[in-house]
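Let's take a walk through this protein together, one part after another. Have a look at the picture first, and then read on.

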Amino acid sequence: MSIRVNFTVNGSAESVDGVWEGESLLYVLRERMGLPGSKNACEQGECGSCTVYLDGIPVCACLVAAGQVEGRSVRTVEGLADGDRLDPVQEAFLECGAVQCGFCTPGLIVACHDLLARNPAPGDAEIREALAGNLCRCTGYEKILDAVRLAAARRAPRP
Ligand code: FES
Ligand code: FES
């Protein structure tokens, strides 16, 4: 049996038909809606590469059944930029070279975006804790930490 799911994605109301009962939000975003930013790496909630906001809370989209998002609001990495202007977190990742293969990057950017919204000036231990659910097999994490520090510094109020 298939269902229709109505929800908001990056601010726009969407209806998706033909969703099967076990289908994940990640599958719907990537395969049905043309939003490939959220990555499918493990499909088991282990790597964080599929992280999106669901009603403002970061979740692994691979673990959310599409039917669960009925009437709710999803924001993906594609929805962080303001038109052609990247979000400061995205800019910091680029500037710091915190991207290698890029598979982990969208999930890390959403997780970092959430961290800085909650805690504009995180210490290193807080950054590490916030990003602990996001695995990267390329960078060794140092440049990712640099990117978070840079994004945080840019958001800090100027003296
Ligand atoms: S693909 Fe969802 S956590 Fe890895
Ligand atoms: S840049 Fe390749 S997994 Fe992180």
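**Two domains and what lies inside them**

The C-alpha centres of domain 1 and domain 2 lie 22 Å apart. Keep in mind that what you're looking at is a predicted model. The domain assignment puts residues 2–76 of the protein chain in domain 1 and residues 88–155 in domain 2. The two do touch: 14 residues of domain 1 are in contact with 10 residues of domain 2.

Let's start in domain 1, with helix α1, which covers residues 25–32. Which of its residues are buried? They include L25, L26, V28 and L29. As for what covers the buried residues of α1, look for strands β1 (2–9), β2 (12–20), β3 (51–54) and β5 (73–75) among the elements there. An α-helix has 3.6 residues a turn, so residues three or four places apart point the same way. Just after α1 comes G34, with a positive phi of about 65°.

Now over to helix α2, which runs from 88 to 96 and holds Q90. Is Q90 buried or exposed? Q90 has a relative accessible area of 10%, and because anything under 20% counts as buried, Q90 is buried. Setting aside residues up to four places away in sequence, Q90 touches V77, L80, A81 and I109. V89 is in contact with I109 too, along with C112, H113, L116 and A151, again leaving out neighbours within four places in sequence.

V89 also turns up in the largest nonpolar core, which has 25 residues. V89, F93, C112, L116, L131, I144 and V148 are the ones with the most contacts inside that core. Helices α2, α3 (105–118) and α5 (142–155) each supply at least two of the core's residues, and the largest share, 7 residues, comes from α3. There's a second, separate core as well: it has 20 residues, including V28, C50, A61 and V64. V28 is one we've met already, as a buried residue of α1.

Finally, let's look for empty space. The largest pocket holds about 220 Å³ of it. Which domains does the lining come from? Both domain 1 and domain 2 give at least three residues each. The residues around the pocket are A41, C42, C47, S49, C101, F103, C104, L135, C136 and R137. Sorted by class, that lining has 8 nonpolar residues, 1 polar and 1 charged.

Notes:
Residues are numbered from 1 along each chain as its sequence is written. Chains are lettered from A and ligands numbered from 1 in the order in which they are written. This is a predicted model: local features need pLDDT of at least 70, side-chain atom pairs count only at pLDDT 80 or more; totals for chains, interfaces and linings use all residues. Side-chain values use heavy atoms; hydrogens and water are left out. Buried means under 20% relative accessible area, exposed over 50%, partly exposed in between (1.4 Å probe, protein chains only). Helices (H or I, at least four residues) and strands (E, at least two) are DSSP runs, numbered from the N terminus. Contact means heavy atoms within 4.5 Å. On a 1 Å grid over the protein atoms alone, a cavity is a set of points where a 1.4 Å probe fits but cannot get out, and a pocket is an open set with protein on both sides within 12 Å along at least five of seven lines; lining residues have an atom within 4 Å of a point. Grid points are joined across faces, edges and corners, and a volume is the space filled by probe spheres set on the points. Ala, Val, Leu, Ile, Met, Phe, Trp, Tyr, Cys and Pro count as nonpolar, Asp, Glu, Lys and Arg as charged, and the others, Gly among them, as polar. Domain bounds come from an automatic or database domain assignment. A nonpolar core is a set of buried Ala, Val, Leu, Ile, Met, Phe, Trp, Tyr and Cys residues joined through side-chain atoms within 4.5 Å.
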